[in-house]
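Visitor: I'd like a close look at a single part of this model, please. Take your time and walk me around it.

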2 protein chains.
Amino acid sequence: MNAPARNDKETVVAAAMRVLAENGLPGLSMRRIADELDIQVSALYWHFPNKQALLAAVSAQIVGSDPQPEGMDAAARALRDRLLAHQDGAEIVSSSLALGLLDLPVRAELVRAAKKTGVDAASAEVAADTLVHYVIGYTFHEQQRLHAAIVGTAEASVDLVPAGAQDRGDDFEAGLAMIIAGVQASASIR
Amino acid sequence: MNAPARNDKETVVAAAMRVLAENGLPGLSMRRIADELDIQVSALYWHFPNKQALLAAVSAQIVGSDPQPEGMDAAARALRDRLLAHQDGAEIVSSSLALGLLDLPVRAELVRAAKKTGVDAASAEVAADTLVHYVIGYTFHEQQRLHAAIVGTAEASVDLVPAGAQDRGDDFEAGLAMIIAGVQASASIR
DNA sequence: ACCTGAACACCGTTCAAGT
DNA sequence: ACCTGAACACCGTTCAAGT
């Protein structure tokens, strides 16, 4: 009855986002994405050369496009919020980034903000990368624990979760403040 | 001719380390480990409940046991060296750690060294975790790029690799110094 | 205590062929 | 330009049965 499915990169990525939201990264298989679109798995390979390329497009969607809040702290927090907004967001972005398949829009703002503290250009790049590694590493860890808590026996009392989440956020802020203090210390040396 | 294979956790982990060294994490399958030991895959499940548990034992081997160098910088460098000594070491350790299946011996020394700078106990924990996230995140990124460079077309000129590796190490040191400066700055505030 | 053999329910990727 | 259908070479995990 329906006309045969006609998709493009955009609709494929949108389907992948839906599968990710429902099944997480372990459930984000090419077959499940194809099922979501009511097409054969092999059809996906017309749109993307392989799964990593598709995941890179998903990553780009997760980290969003240009308008970034100003300042190292706000930019770092914005990245963290984007990652937290999607199941296993940090892990997906981490691997796309490591494979060099993803440009992180927030990095430019981190470099800009670091320079404003008075460090030289090379140090600003280092500061940006250090912050990115911290935010992704911290959030990855956090999301994995969340996943383990869900998969593991549902023994954790429900009312401990919000309290734990608050602590996690506080620890994130404390570590972030430490790194920013380090950047500023590097600036005042010169 | 041979007596039937009789293994324990130790020999299984040793076999896994050999498979990892030769094939990397993507090639570290239960079947390949079983082949290395000349046993059936199912036999591995007598020794470990699942693959993640086996990977946690591999991770423990990678990060080594107790004697750690003193000082935040030396301890962080020691962790990095351990990760770099094994293919995909950072990725394996990262996931075991996130799943709460691995104790990092170096963390205790990082906490101890942080306290020596004069920060309070809570800040010392935050400092240790921040450093751990940085080291693992940085090294993960580095090892993935290395892998991508090998898999990708062998177009990169060979003489650029040592130079690039040196730059990577320098950037690691610069970021490390920044975080440590941040810890010391936190200490001098109080 | 440790292993075999067979099965189940999946994977990513390729390729000729269709419209 | 986009999709089907079928195949290839794999996965992790379970389970009854053997010694």
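**Around DNA strand D**

Guide: Let's start at a base: a polar side-chain atom of A:S42 sits 2.6 Å from a base oxygen of DNA strand D, a polar contact (a pair of N or O atoms within 3.5 Å). Before going on, please note that this is a predicted model, in which local features need pLDDT of at least 70 and side-chain atom pairs pLDDT 80 or more, while totals for chains, interfaces and linings use all residues. Residues are numbered from 1 along each chain as its sequence is written, chains are lettered from A and ligands numbered from 1 in the order in which they are written, and side-chain values use heavy atoms, with hydrogens and water left out.

The other chain also reaches a base here: an N or O atom in the side chain of B:R31 is 2.5 Å from a base nitrogen of DNA strand D. On the backbone of the DNA, a phosphate oxygen of strand D is 3.5 Å from a polar backbone atom of A:R6.

Now step back to the whole surface. DNA strand D is surrounded by 20 residues, of which A:Q40, A:S42, A:W46, A:H47 and B:R31 are the closest; a residue is near the strand if one of its heavy atoms lies within 4 Å. Sugar or phosphate supplies 57% of the strand D atoms within 4 Å of the protein, and bases supply the rest. By class, the surrounding residues comprise seven nonpolar, seven polar and six charged, with Asp, Glu, Lys and Arg counted as charged, Gly as polar and Ala as one of the nonpolar residues.

Which helix gives the most to this surface? Helix 3 of chain A does, with four residues. Helix 2 (30-37) and helix 3 of chain B join it in supplying at least two residues each; helices are DSSP runs of H or I, at least four residues, numbered from the N terminus.

For a companion view, turn to DNA strand C, where helix 3 of chain B gives the most, also with four residues. A polar side-chain atom of B:H47 lies 2.7 Å from a phosphate oxygen of strand C, and a backbone N or O atom of B:Q40 lies 2.6 Å from a phosphate oxygen of that strand.

The two protein chains explain this pairing of views nicely to the eye: chain A can be laid on chain B with an RMSD of 0.0 Å by a turn of 180 degrees and a shift of 0.0 Å along the axis, after least-squares superposition on C-alpha atoms with pLDDT of at least 70 in both. The copies are thus related as by a two-fold rotation axis.

Technical notes
A polar contact is a pair of N or O atoms within 3.5 Å; within protein, one must be able to donate a hydrogen and the other to accept it, and residues adjacent in sequence count only if both atoms are side-chain atoms.
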